[in-house]
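Colleague: I have the model open and would like to go through the helices and a few odd backbone spots. Can we start with the terms?

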Amino acid sequence: MGNGIQHCVCCDGLRAWMNSSSGQPSASGIGAEARSHHDLAAVEEARPSDLLPEGLSKNQQKKLLARQARQDRKGQKKVQKQSDALAIALGRLGEMLPAPPGAFDATQPEGLRLRLCAAFGARACYRSLPLAFGPQLDDGLAAVGSVLVRPEKYGAKFLPQEYSLLHKLWAVLGGDCAGAGVLDIGAGNANCAVLAAMLLGLTVICVERESPREELRAEMQLPLHLRSRIIRLEADIEDFGRAQLQEVASAHGLSRMVFVAKHPCGVGVDRSIECAARLQADQRAGATSVTIVGAVIATCCTNKLCLDDNQVSRVFEFCNFYSQDLPAFAGDLGMAQLERTVEIMSRCSAWRTAAGSNGNAIHTDQLEWAELFEDALQTLRLRRLDRIFGASTEVRFAPSSCTLQDRCLIAGPPPLPTGIFAHDGASSDPAFLAQLRQSAGRLLADTGAIDCRPKGLKSAKYGFDYTNGMGDDLEGLSD
């Protein structure tokens with residue numbers, strides 16, 4: 001694929017197993033019996049009475065033991081429910097996937113995994129993706145964080161993501177932001193766009209189907225001389241084209257653009273890639289003077305392919321984008337098989353997110369399969385980005401403590417800049433950090449930090465309540 005991703009260690013193991021004389025799967029492999037984060041043996045373990053709190057009467061002890069037993073049974077049911085869900089999903093997947101030639105049992109989990117990798121061309125495991133959070137995190141985060149006023153918990157979640165994306169923009173542009181801009185798809189409140197404008201001097205075109213209220217738009221808090229660097233265009237990504245891009249680029253003296261999308265849900269990723277493909281084709285045909293030099297796309301919510309926020313399936317649309325890249329699903333029945341396969345993979349990818357919730361009973365095998373399903377679907381996206389830009393790769397762009405949706409696709413002309421892989425102390429970028437510090441210093445001296453607190457909103461999760469003015473952030477806020 002030419003994307004610089006390591007080969008899938010799990011698939012290498014499967015190939016070794018297939019070539020072994022025994023032909024039997026290893027009990028420690030991906031296809032081992034389902035394991036649970038909530039160990040069933042621990043759930044079934046009896047609680048001796050000497051572990052009960054002291055001072056309880058016999059009647060109280062009986063009631064407590066009965067309650068604990070009910071909780072144990074409930075936990076066992078949750079574990080069994082997830083085991084059944086995994087078995088059903090893999091059974092249905094086995095019915096849909098083409099069976100490659102070879103003397104192995106393609107119905108077993110190891111064989112099924114190999115069939116999936118073969119059908120989609122998956123080459124990388126999620127856990128083998130390089131961490132690329134940006135260089136010298138402590139210094140970089142301090143510089144970027146100094147220019148925004150936001151609730152502490154909100155900043156802790158989003159600042160590392162924004163810092164990482166800012167550095168990837170810088171790297172894709174080769175550290176030269178003159179005459180350059182950003183096409184930000186689904187910009188939302190434009191916090192990331194504002195940082196790119198303030199700190200890197202970039203002009204950002206925010207394409208959004210529906211913009212938030214004015215008081216929630218970060219650019220409205222900028223000083224006037226910087227506010228013009230943020231341009232909002234309300235449009236569906238399918239409708240955005242060269243005419244709109246050329247008009248804005250000409251008005252602001254832009255000749256190069258980086259295509260950016262932070263967490264477009266489900267098929268939003270694929271619509272964004274399609275938009276990039278259209279714009280690149282226009283540029284090559286001489287229909288526009290603007291060059292799209294690369295793309296940075298943090299993907300999100302694979303589970304929303306099968307059912308989006310409007311309760312509409314986008315599986316058919318997704319498959320239409322990539323069916324030509326999947327010869328294993330060719331033929332009269334191929335498209336129907338592909339759609340059913342993608343639907344199963346999309347639904348089951350939610351296991352990974354669910355594994356991070358309190359009281360979940362997601363099995364380790366479910367988590368591994370969910371990662372593989374995303375690996376397979378990301379492969380299709382990477383392959384298309386290769387054709388559009390020449391080269392692409394995938395990294396984990398932010399700590400999982402900030403976001404479980406930490407996959408990021410990066411594309412550009414080959415060879416891709418090494419800076420996109422920058423990670424904390426393992427790499428440095430003095431020019432980038434100097435740019436951040438100088439820009440932050442000028443802004444703080446001129447106007448002070450930009451107040452991006454969400455006016456009129458309240459959040460228990462992030463510990464603030466601004467429904468009655470901009471008071472202090474609150475601790476222990478409850479709904």
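Modeller: Buried means under 20% relative accessible area, exposed means over 50%, and partly exposed lies in between, with a 1.4 Å probe and protein chains only. Helices (H or I, at least four residues) and strands (E, at least two) are DSSP runs, numbered from the N terminus. This is a predicted model, in which local features need pLDDT of at least 70, side-chain atom pairs count only at pLDDT 80 or more, and totals for chains, interfaces and linings use all residues. Residues are numbered from 1 along each chain as its sequence is written, and side-chain values use heavy atoms, with hydrogens and water left out.

Colleague: Fine. How many helices and strands does the chain have?

Modeller: There are 14 helices and 13 strands. Of the 479 residues in the chain, 51% are buried.

Colleague: What about the exposed area, and how much of it comes from carbon and sulfur?

Modeller: About 21,700 Å² is exposed, and carbon and sulfur atoms supply 51% of that. The areas come from the Shrake-Rupley method with a 1.4 Å probe; for residues, only the protein chains shown count as cover.

Colleague: And what share of the contacts is between residues 24 or more positions apart?

Modeller: Taking contacts with a separation of 6 or more, 74% are between residues 24 or more positions apart. Contact here means heavy atoms within 4.5 Å.

Colleague: On to α13. Is it mostly covered or mostly exposed?

Modeller: Mostly covered: 23 of the 26 residues of α13 are buried. From first C-alpha to last, α13 reaches 36 Å, close to the 38 Å expected at 1.5 Å a residue. The expected span is 1.5 Å times one less than the number of residues in the helix.

Colleague: What follows α13?

Modeller: G390, with a positive phi near 115°. α10 is followed by G286, whose phi is positive, near 80°, and α4 by G121, with a positive phi near 75°.

Colleague: Since you mention α4, how many of its residues are buried?

Modeller: Ten of the twelve residues of α4 are buried. Among them are L112, L114, L116, C117 and F120, but also E110, R113 and R115. α4 covers residues 109-120 and reaches 17 Å from its first C-alpha to its last, close to the 16 Å expected.

Colleague: Now α10. Why call it largely enclosed?

Modeller: Because twelve of its 17 residues are buried, α10 is largely enclosed by the rest of the structure. The buried set includes V269, I273, C275 and L279, together with D270, R271 and D282.

Colleague: What do those buried residues pack against?

Modeller: They pack against β3 (180-185), α9 (242-252), β6 (256-265), β7 (291-300), α11 (315-322) and α13 (364-389).

Colleague: Does the length of α10 make sense?

Modeller: The 17 residues, 268-284, should span 24 Å at 1.5 Å a residue, and the end C-alpha atoms of α10 are 24 Å apart, which agrees.

Colleague: Take the pair with α11. What are the angle and the axis distance?

Modeller: α10 and α11 pack at about 35°, with their axes 10 Å apart. Axes are lines fitted to C-alpha atoms, for helices over the stretch in contact, and angles run from 0 to 180 degrees between N-to-C directions. The contact is made by D270, R271, I273 and E274 of α10 and by E317, F318, F321 and Y322 of α11. By type these residues divide into four nonpolar, no polar and four charged. Ala, Val, Leu, Ile, Met, Phe, Trp, Tyr, Cys and Pro count as nonpolar, Asp, Glu, Lys and Arg as charged, and the others, Gly among them, as polar.

Colleague: Backbone next. Where is the cis peptide bond?

Modeller: A cis peptide bond joins P414 and P415, with omega about -10°. P415 is in the loop between β9 and β10.

Colleague: G419 is around there too. Which loop holds G419, and what does it touch?

Modeller: G419 is in the loop between β9 (407-412) and β10 (423-424). Leaving aside neighbours within four places in sequence, G419 is in contact with H167 and A171. G419 and G134 are 285 residues apart in sequence, with their C-alpha atoms 8.4 Å apart in space. At 23% relative accessibility, G419 counts as partly exposed.

Colleague: What about positive phi outside glycine?

Modeller: A190 has a positive phi of about 70° although it is not a glycine. A190 is in the loop between β3 and α7 (191-200) and, at 0% relative accessibility, counts as buried. Phi of C301 is also positive, near 55°. C301 is in the loop between β7 and α11, and its 12% relative accessibility makes it buried.
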